[in-house]
Amino acid sequence: MSLEEYRSFHRRSIEEPEAFWSEQAAAVDWNRRWDEVRDYSRPPFVRWFAGGETNLCHNAVDRHLQERGEQTALAYVSTETGERAEYTYRELYAEVNAFAAALRGLGVGKGERVIIYMPMMPEAIFAMLACVRLGAIHSVVFGGFAAHNLAKRIDDAKPKVLITADAGMRGGSVVRYKPLVDEALDASRHPPEKVVVCHRGIDEEMPVDEGRDLDYSGLRQEHAGEEIPAEWVESSHPSYILYTSGTTGPPKGVQRDTGGYAVALVSSMKHIFASEPGETMFTASDIGWVVGHSYIVYAPLMYGMTSIVYEGLPIRPDPGIWWKIVEDYGVNTMFTSPTAIRALRKQDPKYMREHNTSSLRNLFLAGEPLDEPTSRWASESLGVTVRDNYWQTETGWPILSSLLPGLEDEPVVPGSAGFAVYGYDLKLVHEESGEEVGPGERGVLAIKPPLPPGCMSTVWGDDKRFVDTYFSDFPGDELYSTFDWATRREDGRYFIMGRSDDVINVAGHRLGTREIEEAISDHPDVAEAAAVGVKDEYKGQVVAAYVVPKESAPAGEELEESIKEIVAQRIGRIARPEIVRFVGALPKTRSGKLLRRSIQALAEGRETGDLSTIEDPAALEEIKAATPQSR
Ligand code: ATP
Ligand code: MG
């Protein structure tokens, strides 16, 4: 019955999009109502709520002043500096206005770009909100990226101003930001005129360029008490540019609109994250990623929640820190990545039980495949429902979710990211013919355009790249490709199998990297694994597995043999890894995604390609060293 209920909810979103989305849009404040819910006169480009006027900052801050001015909007916890701070909506309003006034004084206006290159600190969020308040377009670049990555993003965005800090901290060590910024500006062709620096007092030796650099706290003081009216912008006015994680190649600059994004996010808080205004959300991610943009900043604030802003690692000062935060602030909804939970799973399980986490209803995880063992472990040790959800930087909010209206009592099936989210007309298609495949068959997950509200409008400054990248994969060019491979059960549940070009083909059998990795990580002595296909003269490809053993487990021939056996038993002899290598860490992007493509390149003795977003280059060296010389 309940599944039926959701099906008709979803069906209506596809068949009557105008009626459906204008109902959802009622939860957002508009200065002017739209002329058209959906303008699809220039496919595949779509404009949601065309002609409507709104502002993200007004929706995130101003409109709450009356009802929740004294409610905490942001609660900041840094286990790096030891700082804790809270800002009510009224205080947030004051901070954002002062900073908007300062930016306006620097010539930042509607449509102007501003780069934000900052650690996780409240000022970074003030800066984002100040930008959209003015109708300016922010581009947050993940703090800690190397200078040449920053320079590339500067040249792409051509910002008027760049906002940064003296330094960040990671695991107790100082990461200097300002010298990196100086280096990036020297290397860039379009350096901004002004740089605003938030001096946290971490780097006393911070270099200052007197003519160009401005002090954040000085500006704040100068403009304290000023009020800058929110600039009403047309619904499709760009709110921000954000780059994809760069797991598969050079990152793509995603351009987001304003009105569609606001509507999608606010509706998702209710329908997917099952939260209420006034409640507390803790998204343990970084504002440099899409999860941070949507679920640390815009969605919880627009919905009138308290959002926890966390700077630090999940295991410092000890692996119980997140659950302590849940207890201290009475967190109701939590969102993080499977990688973070896997890091906790390597630790003593006692940390999971030291704190009272009874306020927590759901733990949402997204960003990469959530393996069953990790999912089971988290839900058993925390006593909460673990909810996988699947999406992309491009979409800005979930494509698949197990929690949706009517599905509250549906059992969660571990391994499945859930059902098609309303608004998304999903097709599972054959990778070459583009024809739909049946239940249980594998296909590439595609979206029939127009993309729903919230999704990217285009690639920043490059409409052609948008069409060529996402809409040219299948004959007829009518579908948006996610480039992910999935299956769908008869009941509508989807299972993401991995990236469509990560498939391993052993003697004509197509194997998902994910299923092999999952079988291996189910081994009690294994913490993590990466499976890649390696060219083979006879079989086309064979499976190579790079495995991180648990700290207590001895890596050796015995473990190697039992890993090969567990795969053979679970999936079949054809999937049995030919090669198993033990390493201390797997190479990942800064956002925690496995760089499988680079591992595969090394395993085949090739170059690794674009590595601009790698977390720990040493992990790749280790893979290289572990790779058999004979190949
Ligand atoms: P790039 O596009 O630059 O190569 P990326 O695809 O890793 O990088 P993101 O937009 O951060 O950049 O990640 C989206 C991708 O992450 C999805 O396309 C999918 O491959 C993976 N992903 C996200 N959530 C899930 C999930 N719940 N289960 C499985 N995979 C997921
Ligand atoms: Mg991608």
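Okay, let's start at a spot in the chain: Pro 44 sits in the loop that links β1 (36–42) to β2 (45–50). The bond leading into that residue, from Pro 43 to Pro 44, is cis, with omega near 0°. Keep in mind that we're looking at a predicted model here.

That loop also falls in an annotated stretch. The UniProt record, an unreviewed entry, puts "domain: Acetyl-coenzyme A synthetase N-terminal" on residues 6–60. In the model, residues 6–60 come out as 42% helix and 27% strand, and the C-alpha atoms at the two ends are 29 Å apart.

Where is the other proline pair I want to show you, Pro 449 to Pro 450? Pro 450 is in the loop between β24 (442–447) and β25 (458–459). The Pro 449 to Pro 450 peptide bond is cis too, with omega near 5°. Most peptide bonds are trans, and most residues other than glycine have a negative phi.

Speaking of phi, I've got two residues for you. Ala 274 has a phi near 45°, so a positive value in a non-glycine. You'll find Ala 274 in the loop between α10 (259–271) and β16 (280–283), and with a relative accessible area of 31% it is partly exposed. Then there's Phe 483, again not a glycine, with a positive phi of about 65°. Phe 483 belongs to strand β26, residues 480–488. Its relative accessible area is 27%, so Phe 483 counts as partly exposed.

One more proline: is Pro 119 buried or exposed? Its relative accessibility is 4%, and since buried means under 20%, Pro 119 counts as buried. This one is in the loop between β6 (113–117) and α6 (122–134). Beyond its neighbours within four places in sequence, Pro 119 touches several residues, among them Ala 165, Tyr 177, Arg 200 and Glu 311.

Right, zooming out. The protein chain has 19 helices and 32 strands. Its radius of gyration is 24 Å, close to the 25 Å from the globule rule for 631 residues, so the chain is as compact as a globular protein of that length. The C-alpha trace spans about 70 × 60 × 50 Å along its principal axes.

Buried residues are 64% of the 631. Of the contacts between residues at least 6 apart in sequence, 71% join residues at least 24 apart. On the surface, about 23300 Å² is exposed, with carbon and sulfur atoms supplying 45% of that.

Last, charges: I get 68 positive and 98 negative side chains, and the centres of those two sets lie 2 Å apart.

Note on methods
Residues numbered from 1 in each chain as written. Chains lettered and ligands numbered in written order. Predicted model: local features only at pLDDT ≥ 70, side-chain atom pairs only at ≥ 80, totals over all residues. Heavy atoms only, no water. Helix = DSSP H or I, 4+ residues; strand = E, 2+ residues; numbered from the N terminus. Rg over C-alpha atoms; globule rule 2.2 N^0.38 Å. Buried < 20%, exposed > 50% of the residue type's maximum accessible area, 1.4 Å probe, protein only. Contact = heavy atoms within 4.5 Å. Areas by Shrake-Rupley, 256 points an atom, 1.4 Å probe, with all protein chains shown as cover. Lys, Arg positive; Asp, Glu negative; His and termini not counted. Charge placed at Lys NZ, Arg CZ, Asp CG, Glu CD. UniProt positions renumbered as here; feature names shortened; annotations may be inferred.
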